[in-house]
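Work through the exercises below with the model open. Each task is followed by a solution in steps.

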Amino acid sequence: MPFHAEEHIRIVPAERLRPGDHAFASYADEETRWSTIGPFAQTGITRGERVLLFADPAVPESTVLERLEAYGPPVGPPLESGQLKLLTMDRMWRPREISVERQMAGLRREVEEALHEGYPTVRSAIDMAWVASFGADIERVLWRESKGCHYLFTDAHYTEICTYDETRFSGDVLNRAAAGHPTALLKRPGTLLALPVAETGSGTYGVRLVGEADLSTREPFDDALRRIAGSAEPRVLLDLTELSFLDVYCARAVLRLAAGDGRPVVVRCDGIHAHTFLLLGALDIPQLTVEGE
């Protein structure tokens, strides 16, 4: 990722987003741009949500539709019914002059309209190319991202991803934008991040894994386990709650680590992964504790 991942930021695959999430994403090429927006929009359509798409103003609508259909069924029907809306950001403040306050108020009107029409939730994907296209003040935009827009998400009816082109924004802006969002997205499926666990205190070495643990991510997975094995702290915490997939090889590797390490090892994970560990013999390792959600 192009930014320093702060420990307080929740980093998830797009499919793990929850109603009320406000997420940062970045891209450096067309494939990555649409591999975020396409699945996000198609998931919302499948779930019966109102989907608002603010694409790069320079991209023709026909191209947007073609790109969306590469990640799911035809989008003509939801577009005709109004479930999917292709919008430009200036619609949020016109006929008055541009301001981020009016932009946020326009988004709130869209949410209230959708709820009134019977949609349970609303999701929007915003390509931040609109900032340069409409001459927005980047400092005001960053204020919006970090502080000003919180009220949009308080009732969990609205989910938003803001996608930043890494070639159009400076590293400083990307860092500040990422830090202003409580959630960040993995760039693409098949990614695994190993991050420190923020809440661990003295005497515990903690790692959280985010993404997918399988054959395609075996190298970073094994590297994370090697770092755990080489740590000097008397207790180990492995947080797997943000894994979207855990294959049997990786699950067995965790159990081998716990069995051979000798220190108390705590593994946090969701219920499905906890069941996998139990089936593979976790109860036979006395120093291992599996905490399933």
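Two strands count as paired if DSSP finds at least two bridges between them. The model is predicted.

**Exercise 1. Which residue of β11 is the bridge partner of aspartate 239? Place the pair in its sheet.**

Step 1. Find the partner. Aspartate 239 is bridged to arginine 268 in β11.

Step 2. Look at the strands. Four bridges join β10 (residues 235-246) to β11 (residues 265-269), and the two run parallel.

Step 3. Widen the view. The sheet is open and has five strands, in the order β8-β9-β10-β11-β12. Its pairing is mixed. At the edges are β8 (192-196) and β12 (288-292), each paired on one side only. From one strand to the next, the twist averages 15 degrees.

**Exercise 2. Which strands of this sheet do α8 and α9 touch or lie across? Then relate the two helices.**

Step 1. Take α8. This helix packs on the sheet and touches β8, β9 (204-213) and β10. Its direction makes about 175 degrees with that of β9.

Step 2. Take α9. This helix lies across β9, β10, β11 and β12. It runs at about 175 degrees to β10.

Step 3. Compare the helices. α8 (residues 218-230) and α9 (residues 248-261) pack at an angle of about 10 degrees, with axes 11 Å apart. Angles under 35 degrees count as roughly parallel. α8 and α9 are therefore roughly parallel to each other.

Step 4. List the contacts. On the α8 side are Arg218, Phe221, Asp222, Leu225, Ile228 and Ala229. They meet Tyr249, Cys250, Ala253, Val254, Leu257 and Asp261 of α9.

**Exercise 3. What is the strand order of the sheet of seven strands? Explain its edges.**

Step 1. Read the order: β1-β7-β2-β6-β5-β3-β4. The sheet is open, with parallel pairing.

Step 2. Find the edges. β1 (10-12) and β4 each have a single partner strand, so one side of each has no neighbour in the sheet.

Step 3. Add the twist. Neighbouring strands are turned by 20 degrees against each other on average, direction ignored.

Step 4. Check one pair. β3 and β5 run parallel and are joined by five bridges. Arginine 50 has valine 122 in β5 as its bridge partner.

Step 5. Add a helix. α6 packs on the sheet and touches β2 (22-27), β5 and β6. Its direction makes about 140 degrees with that of β6.

**Exercise 4. Which residues of α2 are buried? Show how they are arranged.**

Step 1. In α2 (residues 61-69), the buried residues are Val64, Leu65 and Leu68.

Step 2. Look down the axis of α2. The buried residues fall within an arc of 95 degrees, so they line one face of the helix. An α-helix has 3.6 residues a turn, so residues three or four places apart point the same way.

Step 3. Turn to the other side of α2. Ser62 and Glu66 are exposed there.

Step 4. Name the packing partners. The buried residues of α2 pack against α1 (30-46), β3 (50-54), α3 (76-81) and β4 (84-86).

**Exercise 5. How many residues has the largest nonpolar core? Trace where they come from.**

Step 1. The count is 32. Phe54, Ile126 and Trp130 are among those with the most contacts inside this core.

Step 2. Elements giving two or more residues include β3, β5 (122-127) and α7 (171-180). The largest share, five residues, comes from α4.

Step 3. Note the second core. It is separate, has 28 residues and includes Phe221, Ala224, Val236 and Leu255.

Conventions. Residues numbered from 1 in each chain as written. Predicted model: local features only at pLDDT ≥ 70, side-chain atom pairs only at ≥ 80, totals over all residues. Heavy atoms only, no water. Buried < 20%, exposed > 50% of the residue type's maximum accessible area, 1.4 Å probe, protein only. Arc of directions from axis to C-beta. Contact = heavy atoms within 4.5 Å. Core = buried A, V, L, I, M, F, W, Y, C linked by side-chain atoms within 4.5 Å. Axes fitted to C-alpha atoms, helices over the stretch in contact; angles between N-to-C directions. Parallel < 35°, antiparallel > 145°, perpendicular 65-115°, else oblique.
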